[in-house]
Amino acid sequence: MLGGEFHDGRTTVVYGDMFTYNLSKNEWTIIKAPGAPPPRCGHQAVATSTNKGELWVFGGEFSSPSESQFYHYKDLWVYRIGGKKWEKILSPGGPSARSGHRMAHMKRQLIVFGGFHDNLRDYKYYNDVHIFNLETYVWQKIELTGIPPLPRSGCIVLPTPESKLLVYGGYSKERVKKDLDKGCVHHDMFLMTPEKNDQTGLKWKWVLAKQSGIKMSPRCSASAVLVQANLAYLFGGVFDEEDEDEELHGTFYNDLMALDLEKLQWHEVSLCGKKDVTARRRRRKAKEDDGQEDSNENEDDSDSEIQAAPAPVESKTTDDDGIFTVTIGAAQASTADKKENARENIFVPSPRINPGLAVKHNVLYLYGGLLEVGDRQYTLNDLYSLDCRKLDEWKTVIADDLASQTWFESSSSSSNDEDSDDSDEDENDSEVEHMDVD
């Protein structure tokens, strides 16, 4: 894990450190290597197995503590895992400076799509495609045929088994008039398809894809990861609605969705929950003591199973833990009413955007992310695991530390760096809130 951002209501910190997590020891370790890239967030990192392992990093953004200074990167870096060294790749013709883009690894190539650039005076969203050849270290901008996706950031980009690139969803905004912007959450899907008989790897076309399966609630800033070559899991995301006062109200999600990359079909991943083996033995023993046949055992055990739920709908629930209230996107209730309580008892990580997802040994790992409640941002550092074969329940590897975090409410939190001389006064005027969350 490289970089990231933290905000406590008063100060923004952008990190440049890198960590690895040891699955057998259950511990984070900081990696110190010479020549590391400067701090950033909103970048993309892709790991490859070449040369004993490489981590490729492109773009991202940085902001000063008061967010009065803000800029984007357009640099490309590689970390040689075997040699524990960073190298900055100086190759012309790459993408312009941006963050919120997506980068995928496919056939010895890095493919960069989309993103946005903001200079605090104006902004721009992108839908261009750039390919970096991992053998020649050369950038190429690709001019695709067909009707392209609208410019966007925060989308899902995944390679398919047919060597195509899938683009789903995302977010963009446009200026409708002076000092008024309108945001758009995209829910369309495109395939970036190689032209037939192309030997260069540089001729592609856009194809609008038809999605099937359940209809997923529109969202952006969800995270996705390949579980198998033809199957991806998606977690989280947010759908923002703007009221008459131009205030954004976000619906955050914590459902786990599956996408069949061959059929382009959506499913909701329903967890079965941990079976109570002791209760099963107790029931079996009672039946044996009563001289009854064990013919109803399968029916009893089925109560602990959760059937696949129908499509999520636009209904909403409100979760109030005593500290803050957040609107959570809810799936439609299962038609099997008698199993609803069992489903509710299955633990699921809290709603969030942009969590880190990784799969190792058929186990899905979910780390961190961000939850916004009004003007507050809750940065998470929890870690969970889910066995993709059993699909029984999420296990908490590291619980969140929200109880130890402090949020500063202050009208001066948006002050510029020039106001640093008044920092002591600002601190005294601030309302400090400790998040005592279970």
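In this predicted model, four strands make up an open sheet, running in the order β14-β15-β16-β17 with antiparallel pairing. Its edges are held by β14 (156-159) and β17 (204-208); each has a single partner strand, so one side of each is left without a neighbour in the sheet. On average, neighbouring strands here are turned by 35 degrees against each other, direction ignored.

Let us look at one edge of this sheet. β14 pairs with β15 (residues 165-177) in the antiparallel sense, over four bridges. Within this part of the sheet, Pro-159 stands opposite Leu-165 in β15.

A second sheet is worth a visit too. It is open and has five strands, in the order β18-β24-β23-β20-β19, and its pairing is mixed. Which strands stand at the edges? They are β18 (212-213) and β19 (223-228), and because each has a single partner strand, one side of each is left without a neighbour in the sheet. Further in, β20 (residues 231-235) and β23 (residues 256-260) are joined by five bridges in the antiparallel sense. There, Tyr-233 stands opposite Ala-258 in β23.

Here are the two strand pairs side by side:

| Strand pair | Sense | Bridges |
|---|---|---|
| β14 and β15 | antiparallel | four bridges |
| β20 and β23 | antiparallel | five bridges |

Finally, meet a loop residue. Asn-345 lies in the loop between α3 (340-344) and β27 (356-360). Is Asn-345 buried or exposed? Its relative accessibility is 68%, and because exposed means over 50%, Asn-345 counts as exposed. Asn-345 and Gly-273 are 72 residues apart in sequence, while their C-alpha atoms are 8.2 Å apart in space.

Notes. Residues numbered from 1 in each chain as written. Predicted model: local features only at pLDDT ≥ 70, side-chain atom pairs only at ≥ 80, totals over all residues. Heavy atoms only, no water. Pairing = 2+ DSSP bridges. Helix = DSSP H or I, 4+ residues; strand = E, 2+ residues; numbered from the N terminus. Axes fitted to C-alpha atoms, helices over the stretch in contact; angles between N-to-C directions. Buried < 20%, exposed > 50% of the residue type's maximum accessible area, 1.4 Å probe, protein only.
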